[in-house]
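The exercises below are to be worked with the sequence and the 3D structure at hand. Each one sets a task and then gives a solution in steps.

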Amino acid sequence: MLSERSERSERSDDTDGDTTALALKILVAGGFGVGKTTLVGAVSEIRPLRTEELLSEAGRLVDDTDGIDRKVTTTVAMDFGRITIRSGLSLYLFGTPGQDRFWFLWDELAQGALGAVVLADTRRLADCFPAVDYFEHRHIPFVVAVNCFTGARRHDEYSVLRALDLDPGTPVVLCDARDRDSGKEVLIRLVEYAGRMHTARLLDSVR
C-alpha cells in the first residue's frame with residue numbers, strides 16, 4: 001500500500017511536468033523521542049503526513065520517557081515527507097514509530113527502501129540498538145545520525161561508532177534534527193553510502 005502511494009505520487013509529479021526522474025525510499029528510524037518526526041518535518045518540502053497521538057497514561061507505563069519528560073505525543077504508524085536533493089533526484093521519507101509495540105510495521109515500511117537513517121541520542125544511546133540490528137540483519141545500508149540535543153554531552157563520530165559496535169565503514173554524522181540543512185546533509189551522506197554499497201554488491205554478484 002505504501003509503495004503504491006509512492007508510485008502514484010511519482011506519476012503525479014511527472015504529469016505536472018516535474019523534472020523528477022528518480023524517487024528513492026528512505027526510512028528514518030531510531031528510539032522513542034529521538035527526533036524522527038522532527039527530522040522529517042524539517043527537511044520535507046511538502047506538508048508532512050503525521051500519525052501522532054497524545055501519550056496516554058496507559059502508554060506512559062510502557063514507554064520509557066526518562067530524559068524526555070516534555071514529550072506529549074508519539075507516532076503510531078509513520079511519518080511521511082519528500083525532499084528534492086537535486087534536479088532529477090527526490091527522496092520519499094518514511095519515519096518509523098519508535099516503541100517496541102509498533103515494530104510489526106517496520107517490515108512493510110522497509111520494503112523497497114534504498115537505505116535508512118538511524119537517529120541516536122547519546123543520552124539514551126541503547127535505544128537505537130534495535131534499529132541498528134534490524135538494518136544490519138536485513139543488509140539495508142544505514143547511517144547513524146547523532147541528534148545533538150541542547151545540554152547533552154557531545155561525543156565525536158568515532159566514539160559513537162565504537163559504542164554501537166558498528167562496522168568501520170558505517171557513516172556516523174552529527175546533526176540537528178530541527179535544522180533543514182543539517183538534515184539534508186545526513187540524507188546526502190546516506191544516498192552516497194547506499195549507492196556505494198549497492199554498487200559493490202552488484203559487482204560481487206557478477207564475479
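**Exercise 1. Charges over rings**

Task: In this predicted model, find the ring over which the charged end of Lys25 sits, and the ring over whose face Arg138 lies.

Solution. Start with Lys25: its charged end sits over the ring of Phe94, at 4.8 Å from the ring centre. Then take Arg138, which lies over the face of Tyr134, 3.7 Å from the centre of that ring. Both distances can be set against the cut-off of 6 Å to the ring centre.

**Exercise 2. Aromatic pairs**

Task: Count the aromatic pairs, then classify the pair formed by Trp106 and Phe135.

Solution. A pair of aromatic rings is described by the distance of the centres and the angle of the planes. With centres required to lie within 6.5 Å, the count is six aromatic pairs. For Trp106 and Phe135 the centres are 6.1 Å apart and the planes stand at 20°, so this pair is stacked. The two residues belong to distant parts of the chain, 29 residues apart: Trp106 is in helix 4 (residues 106-110) and Phe135 in helix 5 (residues 129-137).

Next, check burial, for which the cut-off is under 20% relative accessible area. Trp106 has 3% relative accessibility and therefore counts as buried. Phe135, at 0%, is buried as well.

Phe135 also pairs with Tyr134, and here the arrangement is edge-to-face, with 5.3 Å from centre to centre and 85° between the planes. Tyr134 is buried, its relative accessible area being 11%. The last step is to join the rings into a group: Trp106, Tyr134, Phe135 and Phe142 make up one aromatic cluster.

**Exercise 3. Positive phi outside glycine**

Task: For His139 and Asp165, give the phi angle, locate the residue and decide whether it is buried or exposed.

Solution. Most residues other than glycine have a negative phi, and most peptide bonds are trans. His139 is not a glycine, yet its phi is positive, at about 55°. His139 is found in the loop between helix 5 and strand 7 (142-147). Its relative accessibility is 57%, so His139 counts as exposed.

Asp165 likewise is a residue other than glycine with a positive phi, near 55°. The loop that holds Asp165 runs between helix 6 (157-163) and strand 8 (172-175). Asp165 is exposed, with a relative accessible area of 65%.

**Exercise 4. Helix 7 and Val191**

Task: Set the span of helix 7 against the expected value, then trace the surroundings of Val191.

Solution. Helix 7 (residues 180-206) has 27 residues. From first to last C-alpha it reaches 39 Å, close to the 39 Å expected at 1.5 Å a residue. At the start of this helix, a side-chain oxygen of Asp179 comes to within 3.3 Å of the backbone nitrogen of Asp181. The buried residues of helix 7 are Ser182, Gly183, Val186, Leu187, Leu190, Val191, Tyr193 and Ala194.

Val191 has 17% relative accessibility, and therefore counts as buried. Once neighbours within four places in sequence are set aside, Val191 is in contact with Leu89, Leu91 and Leu114. Val143 is 48 residues from Val191 along the chain, and the two C-alpha atoms are separated by 9.5 Å.

**Exercise 5. Asn147 in strand 7**

Task: List what Asn147 is in contact with beyond its sequence neighbours, and find the backbone nitrogen that lies 3.1 Å from a polar atom of its side chain.

Solution. Asn147 lies in strand 7. At 6% relative accessibility it counts as buried. Leaving out neighbours within four places in sequence, its contacts are Val34, Gly35, Leu119, Ala120, Cys175, Asp176 and Ala177. From this list, take Val34: it is 113 residues from Asn147 along the chain, while their C-alpha atoms are separated by 7.3 Å. The backbone nitrogen in question is that of Ala177.

**Exercise 6. The whole chain**

Task: How many helices and strands does the protein have, and what percentage of its residues is buried?

Solution. There are seven helices and eight strands. Of the 207 residues, 48% are buried. In helix 2 (residues 36-43), six of the eight residues are buried, among them Leu39, Val40 and Val43. Of the contacts between residues at least 6 apart in sequence, 73% join residues at least 24 apart. The accessible surface comes to about 10900 Å², and carbon and sulfur atoms account for 51% of it.

Terms used:
Residues numbered from 1 in each chain as written. Predicted model: local features only at pLDDT ≥ 70, side-chain atom pairs only at ≥ 80, totals over all residues. Heavy atoms only, no water. Phe/Tyr/Trp six-rings, centres within 6.5 Å; stacked < 30°, edge-to-face > 60°. Helix = DSSP H or I, 4+ residues; strand = E, 2+ residues; numbered from the N terminus. Buried < 20%, exposed > 50% of the residue type's maximum accessible area, 1.4 Å probe, protein only. Lys NZ or Arg CZ within 6 Å of the ring centre and 35° of its normal. Expected span 1.5 Å × (residues − 1). Polar contact = N/O pair within 3.5 Å; in protein donor to acceptor, adjacent residues only side chain to side chain. Contact = heavy atoms within 4.5 Å. Areas by Shrake-Rupley, 256 points an atom, 1.4 Å probe, with all protein chains shown as cover.
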